[in-house]
Amino acid sequence: MTDPGRNPGADLGGDMATQHSRSAARVMIAPSVILLLLWMLVPLGMTIYFSLLRYNLLMPGANPFIGFENYAYFLTDPAFQAAIWNTLILVAGVLFITVVGGILIALLLDQPMWGQGLVRILVISPFFVMPTVSALVWKNMFMNPVNGLFAHLFEFIGLQPFDFLSQAPLASIIGIVSWQWLPFATLILLTAMQSLDSEQIEAAEMDGASPFSRFWYIVLPHLSRAITVVILIQTIFLLSIFAEIFVTTAGGPGTASTNLTFLIYLESLQRFDVGTASAGGVVAIILANIVAIFLMRMIGKNLDA
Amino acid sequence: MGQITLEKVTKSFGDVEVIPPLDLTIEDGEFCVFVGPSGCGKSTLLRLIAGLEDISSGAIKIDGSDASDVPPAKRGLAMVFQSYALYPHMSVRKNIAFPMKMAGVSQDEQNRRIESAAKALNLTDYLERRPGQLSGGQRQRVAIGRAIVREPAAFLFDEPLSNLDAALRVGMRLEISELHERLKTTMIYVTHDQVEAMTMADKIVVLRAGNIEQVGSPLDLYKHPRNLFVAGFIGSPKMNLIEGEAAARHDAKTIGIRPEHIEVTEAGEWQGRVGVAEHLGSDTFLHVHDTGLTDILTVRSTGEMGLRHGDCVSLSPRHDQIHRFDASGLRMA
Ligand SMILES: Nc1ncnc2c1ncn2[C@@H]1O[C@H](COP(=O)(O)OP(=O)(O)OP(=O)(O)O)[C@@H](O)[C@H]1O
Ligand SMILES: [Mg+2]
């Protein structure tokens with residue numbers, strides 16, 4: 001077979017033709033590239049620009065250039081420290097629950113059972129519910145200390161109802177977000193599990209491996225790549241969780257459930273401080289990139305080979 | 001020790017009975033080959049013996065004790081799979097060590113057995129590689145190494161050479177025979193390559209649709225096929241099966257004569273026209289048409305023949321080598 005990327009006719013026509021077609025191609029793709037660049041660079045540039053100004057919508061007038069004052073203000077704000085920790089705990093907690101839970105559910109779903117198709121669809125369904133809706137459902141139907149199902153359950157077994165969202169706000173949000181992302185992790189891990197050669201499992205069985213050893217030595221290493229994908233993709237989305245917090249705890253009590261995204265929202269739209277919010281946005285971008293580099297270093301090697 | 005006895009073993013998948021009641025004994029130290037056409041139940045039978053598949057009824061005995069309900073790991077058998085089934089994320093060393101690790105063998109003993117297996121199988125230089133970095137033949141040897149270190153009562157091979165090219169297959173065939181000579185362990189070997197069956201086996205079991213057609217030594221099957229199926233299946237090129245008048249002259253429904261038992265002579269019993277002549281150097285296979293016996297009569301002559309397409313030949317069969325079969329396909333005395 002010839003390499004489809006190389007057209008033998010192009011060589012005969014000399015370099016002229018290739019150069020022509022190359023520059024033509026550049027011209028052709030230029031509009032979309034320029035559009036994409038503007039799309040990205042203009043907001044980024046404006047964010048950086050605003051972050052260097054004193055710009056508060058409550059104080060109209062001049063917006064003087066103040067250097068890094070906004071950054072200093074944002075970074076020394078006690079809420080910022082709390083928000084960073086909350087963000088990291090939220091991401092780590094959800095990742096842990098979804099990966100471990102996803103593996104367990106995938107193991108269950110991989111067993112032959114009656115009504116497999118239906119059960120699989122049911123397991124996937126939380127993923128189709130909008131974040132705002134699912135957060136509302138959790139808040140009002142499950143976690144509400146008066147009317148929630150959990151409250152009734154607690155009363156039924158003779159316990160004091162537990163006000164999840166004010167007693168353990170971050171943990172509750174981790175629970176809600178995990179519920180949303182569990183199907184995604186399960187789906188990816190299940191397909192990976194199904195691609196495992198059954199002869200490998202049988203060979204391990206012949207080799208005297210117990211079910212647990214088979215899982216630990218054969219299935220889990222086979223899943224490592226899928227787990228990497230789940231962690232990478234989820235991290236990207238989990239760093240910017242907003243709707244669930246907005247709908248349930250509004251970041252409170254205090255800053256107990258404020259993450260970075262929510263803090264920026266508070267700065268810009270509650271305090272109308274565009275400058276500080278922009279500085280927060282830039283900090284969030286930097287943080288996301290640090291996490292991304294860190295993740296790629298740590299687990300990206302699983303994606304090689 | 002490794003005597004394996006199957007007593008009235010059956011296997012059904014749902015309503016489909018793949019193995020009808022089957023009795024078979026494989027003696028300790030024997031090299032037993034299962035052959036048969038595709039889908040006849042060879043793999044299923046092997047997996048029943050291994051315990052990877054549950055028998056529907058009957059009993060499997062290993063060294064006299066009932067193993068029907070014993071889990072695979074406890075049967076003391078080792079299996080080499082057609083796809084090798086190596087663990088891709090482990091080095092060759094870890095692959096070979098895996099069954100010992102599961103059995104809790106001491107580290108020193110593990111190393112000792114790995115070294116000796118690696119030496120025997122020419123794997124010493126590859127111990128730190130991953131299976132993905134090995135050739136097909138090397139992977140095959142790792143799979144065998146993983147089986148050897150368990151020191152099993154019997155080895156089970158499911159078409160272990162079918163993924164290898166022809167030259168490598170001959171080499172590995174010899175290595176496995178060699179291994180059997182050395183270890184003297186029972187081996188059960190599934191193949192549909194009858195050359196492998198003939199060259200390696202102490203005992204061949206010919207299967208058709210889950211039924212045992214004949215059990216015997218390779219030469220036994222070659223010289224005394226019990227029925228038409230075995231006659232046609234064992235031997236390469238295939239035995240010529242002739243019906244009609246020529247058969248009636250021998251008081252049989254069908255007579256069979258192997259290509260090597262027909263000679264090209266000056267004035268023979270049968271005449272025909274040469275079709276394709278396959279010159280192998282050591283032998284020549286002639287496909288002879290228009291003999292009035294069968295469509296194509298295959299003749300095997302030693303050495304080179306000066307015959308060409310379209311030449312007329314005269315053939316004489318060796319009468320003491322004619323096999324006679326009755327109307328139900330069974331061999332007549
Ligand atoms: N899990 C299963 N469920 C249903 N039928 C099966 C199953 N496994 C095998 N069979 C059937 O059992 C029969 C024997 O299969 P088996 O794999 O033993 O054949 P084989 O002799 O090994 O063939 P081959 O030479 O092609 O490997 C086949 O008809 C197959 O369709
Ligand atoms: Mg098979």
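**Entry 1: where chain A meets chain B**

I began with the contact between the chains, counting residues with heavy atoms within 4.5 Å, and found that it takes 15 residues from chain A and 23 residues from chain B. I noted that this is a predicted model, in which local features need pLDDT of at least 70 and side-chain atom pairs count only at pLDDT 80 or more, while totals for chains, interfaces and linings use all residues. For my own bookkeeping, residues are numbered from 1 along each chain as its sequence is written, chains are lettered from A and ligands numbered from 1 in the order in which they are written, and side-chain values use heavy atoms, with hydrogens and water left out.

I then looked up the buried area, meaning the accessible area (1.4 Å probe) that two parts lose on being put together, summed over both; chain A and chain B bury about 1,600 Å² between them, with 61% of it on carbon and sulfur atoms. On the chain A side, A:Met206, A:Asp207 and A:Tyr217 lose the most area to chain B, together 43% of what that side buries.

Which charged pairs cross this interface? For a salt bridge I required a side-chain nitrogen of Lys or Arg within 4 Å of a carboxyl oxygen of Asp or Glu, and that rule finds three between chain A and chain B. One of them joins A:Glu202 to B:Arg47, whose closest N and O atoms are 2.7 Å apart.

I also checked which elements of chain A take part, using DSSP runs numbered from the N terminus (helices H or I of at least four residues, strands E of at least two). Helix H10 (198-206) and helix H11 (211-238) of chain A each give two or more residues to the side that touches chain B, and the largest share, seven residues, comes from H10(A).

**Entry 2: the two domains of chain B**

I next read the domain assignment of chain B, whose bounds come from an automatic or database assignment, and it gives domain 1 (4-230) and domain 2 (240-325). Their centres, taken over C-alpha atoms, are 38 Å apart, and the contact takes six residues from domain 1 of chain B and seven residues from domain 2 of chain B.

The area buried between these domains is about 540 Å², of which carbon and sulfur atoms give 61%. In domain 1 of chain B, I found that B:Tyr222, B:Pro225 and B:Leu228 lose the most area to domain 2 of chain B, together 85% of what that side buries. The salt-bridge rule finds zero across this domain interface.

**Entry 3: around ligand 1**

I listed the residues with a heavy atom within 4 Å of ligand 1, and its surroundings include B:Phe13, B:Val18, B:Lys42, B:Glu159 and B:His192. I then looked up individual distances: a backbone N or O atom of B:Gly41 lies 3.0 Å from an oxygen atom of ligand 1, a polar side-chain atom of B:Ser43 lies 2.5 Å from a ligand oxygen, and a polar side-chain atom of B:Thr44 also lies 2.5 Å from a ligand oxygen.

**Entry 4: backbone details in chain B**

Where does B:Pro237 lie? I placed B:Pro237 in the loop between helix H8 (228-233) and strand S11 (240-243) of chain B, and noted that a cis peptide bond joins B:Ser236 to B:Pro237, with omega about -5 degrees.

I last looked at B:Asp63, in the loop between strand S4 (57-62) and strand S5 (65-66) of chain B, where phi is near 50 degrees, a positive value in a residue other than glycine.

Key
Polar contact = N/O pair within 3.5 Å; in protein donor to acceptor, adjacent residues only side chain to side chain.
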